[in-house]
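Here are a few exercises to work through with the model open beside you. Try each one before reading its solution.

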Amino acid sequence: MSILECRGLVKRFGATPALSGVDLTIQPGRIVGLLGPNGSGKSTLIKLANGLLVPTAGEILVDGKAPGRESHAAVSYLPERNSLPLWMTVQQLQDFYTDFFPDFRADRCRDMLARLELQPDMKLKHLSKGNREKVQLILAMSRDAKLYLLDEPIGGVDPAARDYILDTIIRNYNPEASVIISTHLIADVENVLDEVVFIDRGQIFFQSSVDQIREEKGKSVDALFREVYRC
């Protein structure tokens, strides 16, 4: 069974289309790049998969279910912007996730936080932007989810933080699950991707494995992206 399936998916905000007739299938065990320029529909698709938005038309299924209470148990979501209360300490955040998510691996979380040398009593508001991003990612990746939805996880952080974030993703996701990474920073994520989906103006027009792109087109994903989205 596919972990994510969209059939004729449409989302409009008033008269403005955000997604227009999207057909998409993502199989388990894949790290997928959802790639497109800003405003292409990436975040809208991720929010629909997480149940934060409701489709205007068409259908979206996560692990065979429409987004809702059952599907939420299978999805770990990392929003583009920090959504964690800044007044909470590192320990309080870990305790909150432990209480809220039955699949949360507190031991995995502790190990990753220890490698960052973050003390349990440190408040989120006292951390650097890069460390806040890392803490939020660690919490998301410490769940044994079936689908990880990561919206711009490397946007706005320095190259060293990007390397840490990508290494955390590939080392800690459930290998039977799928990871969808929404980004426009192609060169930074290309080496961790199994598959890419190009989206623009609310429509998906290309889906391929990374190996197939390199073998058949003789170029990197980043080079193909620049060619496709050339102004």
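## Exercise 1: A charged network

Asp107 has a relative accessibility of 34%, so it counts as partly exposed. Keep in mind that this is a predicted model.

Task: find which residue Asp107 forms a salt bridge with, and which residues the network joins.

Solution. Start with the partner: Asp107 pairs with Arg105, and their closest N and O atoms are 3.1 Å apart. That fits the cut-off, which asks for a side-chain nitrogen of Lys or Arg within 4 Å of a carboxyl oxygen of Asp or Glu. Next, check the partner's surroundings: Arg105 is partly exposed too, at 32% relative accessible area. Finally, follow the shared partners, and you get one network of Arg105, Asp107, Arg108 and Asp144.

## Exercise 2: Bridges across the chain

Task: for the salt bridges Glu195–Arg30 and Asp63–Lys146, work out where the partners sit in the chain and whether each one is buried or partly exposed.

Solution. Take Glu195 and Arg30 to begin with: their closest N and O atoms are 3.1 Å apart. Glu195 belongs to strand 8 (residues 195–200), while Arg30 is in the loop between strand 2 (16–26) and strand 3 (31–35), so the pair links distant parts of the chain, 165 residues apart. With a relative accessibility of 10%, Glu195 is buried; Arg30, at 25%, is partly exposed.

Now for Asp63 and Lys146, where the closest N and O atoms are 3.0 Å apart. Asp63 is in the loop between strand 4 (57–62) and helix 2 (69–72), and Lys146 is in the loop between helix 5 and strand 6 (147–151), with the two positions 83 residues apart. Asp63 is buried at 16%, whereas Lys146 is partly exposed at 42%. In total, the structure has 15 salt bridges.

## Exercise 3: Rings around Tyr97

Task: classify the ring pairs that Tyr97 makes with Phe96 and with Phe104.

Solution. A pair of aromatic rings is described by how far apart the centres are and by the angle of the planes. For Phe96 and Tyr97, the centres are 6.0 Å apart and the planes are at 70°. Angles over 60 degrees count as edge-to-face, and that is the class of this pair. For Tyr97 and Phe104, the centres are 5.6 Å apart and the planes are at 55°, so this pair is tilted.

Then add accessibility. Tyr97 is buried at 11%, Phe104 is buried as well, and Phe96 is partly exposed at 42%. To finish, widen the view: Phe96, Tyr97, Phe100, Phe101 and Phe104 form one aromatic cluster, and the structure holds 8 aromatic pairs.

## Exercise 4: Two pockets

Task: describe the lining of the largest pocket and of the second largest pocket.

Solution. The largest pocket has a volume of about 470 Å³. It is lined by 20 residues, with Val75, Tyr77, Phe100, Phe101 and Arg143 nearest its centre. Strand 5 gives the most to this lining, with 4 residues. Sorted by type, the lining has 13 nonpolar, 5 polar and 2 charged residues.

Move on to the second largest pocket, at about 220 Å³. Its lining includes Asn38, Lys42, Glu80 and Glu152. Here helix 1 (residues 42–49) gives the largest share, 4 residues. By type, this lining divides into 2 nonpolar, 6 polar and 4 charged residues.

Methods. Residues numbered from 1 in each chain as written. Predicted model: local features only at pLDDT ≥ 70, side-chain atom pairs only at ≥ 80, totals over all residues. Heavy atoms only, no water. Phe/Tyr/Trp six-rings, centres within 6.5 Å; stacked < 30°, edge-to-face > 60°. Buried < 20%, exposed > 50% of the residue type's maximum accessible area, 1.4 Å probe, protein only. 1 Å grid on protein atoms, 1.4 Å probe; cavity = no way out; pocket = protein on both sides within 12 Å on 5 of 7 lines; lining within 4 Å. Points joined across faces, edges and corners; volume = space filled by probe spheres on them. Nonpolar A, V, L, I, M, F, W, Y, C, P; charged D, E, K, R; others polar.
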